[in-house]
Amino acid sequence: FALFLTFIAACSPRTNLKENSFNYDAEEIAKELQELKGSSEYLLQAGDLVDIQVYKEDDMSRTLRISTQGYISFPLIGNIKISDLTVSQAANQIEERLKSYLKNPSVSLLIKEYANKNVYVLGEVKKPSPITIPPEKIMTVLEAITSAGGFTDVAAISKVKVFRIENGQQRSLEVDITQITKEGNKQMDIALKPGDVVFVPQSLF
């Protein structure tokens, strides 16, 4: 999350303001996103899929789904609750339990799949908010904006931005909503992924 905020803040407003047709404030996006998400550190929750590896103990590597009660079952230590912990806290908990069986265990834990599949709609929409992608469904940019109450009167609807982190890389995609609504270009209405941020800038005219 901190990496994502850094990316957003690093996007230069000057580059986008050359067109003089909309207002793009990267720091404001980062602030608004942080307010929506709350804590900057994600807490593990039931349904998250985690990948756990123990250094030099390849046979103990596991990809596990956190149960509805917040537990996983791991070799040697059995059931351990890791929900409501950060990634580092959960790894430390597992390490502490493994010390009864291994000498100086080193555990790494990564989130492979989030249970809560939210996207975030910010900027010139009537209800800036996180939007949950329904299970087994696809949510597009236009659908997410509609779920956030639609555009305000000063929205630059032809300059919508989608910010995405993909394979550790930051991407910025521009979506012209007018091509979707007025010209029927459905390909422009891209499918969103969990964690995407949809930002609607303000028109200066």
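Welcome to this structure, and let us start at one residue: Asp196 counts as buried, at 1% relative accessibility. Asp196 sits in the loop between α6 (177–181) and β11 (197–200). The model you are looking at is predicted. Its protein chain holds six helices and 12 strands, and buried residues account for 40% of its 205 residues.

**Around Asp196**

- The Asp196 side chain has a polar contact with the side chain of Arg164, at 2.6 Å.
- The side chain of Asp196 also reaches a backbone atom, the nitrogen of Lys193, at 2.8 Å.
- Which residues does Asp196 contact, once its neighbours within four places in sequence are left aside? They are Asn118, Val119, Tyr120, Val162, Phe163 and Arg164.

**The chain as a whole**

- Of the contacts between residues at least 6 apart in sequence, 55% join residues that are at least 24 apart.
- The chain has an accessible surface of about 11,700 Å², and carbon and sulfur atoms hold 47% of that surface.

**Strands β7, β8 and β11**

- Strand β11 follows the loop of Asp196, and both of its faces are covered.
- On one side of β11 are Val197 and Phe199, on the other Val198 and Val200, and all of these are buried.
- In general, side chains in a regular strand alternate between the two faces of the sheet.
- β11 runs parallel to β7, and four bridges join the two strands.
- One such pairing sets Gly123 opposite its bridge partner Val200 in β11.
- How many of the six residues of β7 are buried? Six of the six are, and β7 is described as mostly covered.
- β7 is also joined by four bridges to strand β8 (residues 129–132), this time with the strands running antiparallel.
- Val119 has Ile131 in β8 as its bridge partner.
- The link from β7 to β8 is a hairpin through five residues.

**The nonpolar cores**

- The largest nonpolar core has 21 residues, and those touching the most other members are Val121, Val141, Ile145, Val160, Val175, Leu192 and Val198.
- Two or more residues of this core come from each of β7 (118–123), α5 (141–147), β9 (160–166), β10 (169–175), α6 and β11.
- Helix α5 gives the largest share of this core, with three residues.
- Leu192, one of those core residues, is in contact with Val119, Ile133, Met139, Thr140, Val141, Ala144, Val162, Arg164 and Val198, leaving aside its neighbours within four places in sequence.
- Another core, of 20 residues, lies apart from this one and includes Ile52, Ala90, Ile94 and Leu102.

**The sheet β3-β2-β6**

- Three strands make up an open sheet, in the order β3-β2-β6, with antiparallel pairing.
- Why do β3 (62–65) and β6 (107–113) each have one side without a neighbour in the sheet? Both stand at the edges with a single partner strand, so one side of each is left without a neighbour there.
- On average, neighbouring strands of this sheet are turned by 25° against each other, direction ignored.
- Strand β2 (residues 49–54) and β6 run antiparallel and are joined by six bridges.
- Within this pairing, Asp51 stands opposite Leu110 in β6.
- Helix α4 (residues 87–98) packs on the sheet and touches β2 and β6, with its direction at about 135° to that of β6.

**Two residues to find**

- Thr63 lies in strand β3. Is Thr63 buried, partly exposed or exposed? Its relative accessible area is 39%, so Thr63 is partly exposed.
- The side chain of Thr63 makes a polar contact with that of Asp51, at 3.0 Å.
- Not counting residues up to four places away in sequence, Thr63 touches Leu49, Val50, Asp51 and Lys112.
- Thr63 and Leu109 are 46 residues apart in sequence, while their C-alpha atoms are 9.6 Å apart in space.
- Ser100 is found in the loop between α4 and β6, and it counts as exposed because its relative accessibility is 62%.
- From Ser100 to Ile77 the separation is 23 residues in sequence and 8.8 Å in space, C-alpha to C-alpha.

Conventions: Residues numbered from 1 in each chain as written. Predicted model: local features only at pLDDT ≥ 70, side-chain atom pairs only at ≥ 80, totals over all residues. Heavy atoms only, no water. Buried < 20%, exposed > 50% of the residue type's maximum accessible area, 1.4 Å probe, protein only. Contact = heavy atoms within 4.5 Å. Areas by Shrake-Rupley, 256 points an atom, 1.4 Å probe, with all protein chains shown as cover. Polar contact = N/O pair within 3.5 Å; in protein donor to acceptor, adjacent residues only side chain to side chain. Pairing = 2+ DSSP bridges. Axes fitted to C-alpha atoms, helices over the stretch in contact; angles between N-to-C directions. Core = buried A, V, L, I, M, F, W, Y, C linked by side-chain atoms within 4.5 Å.
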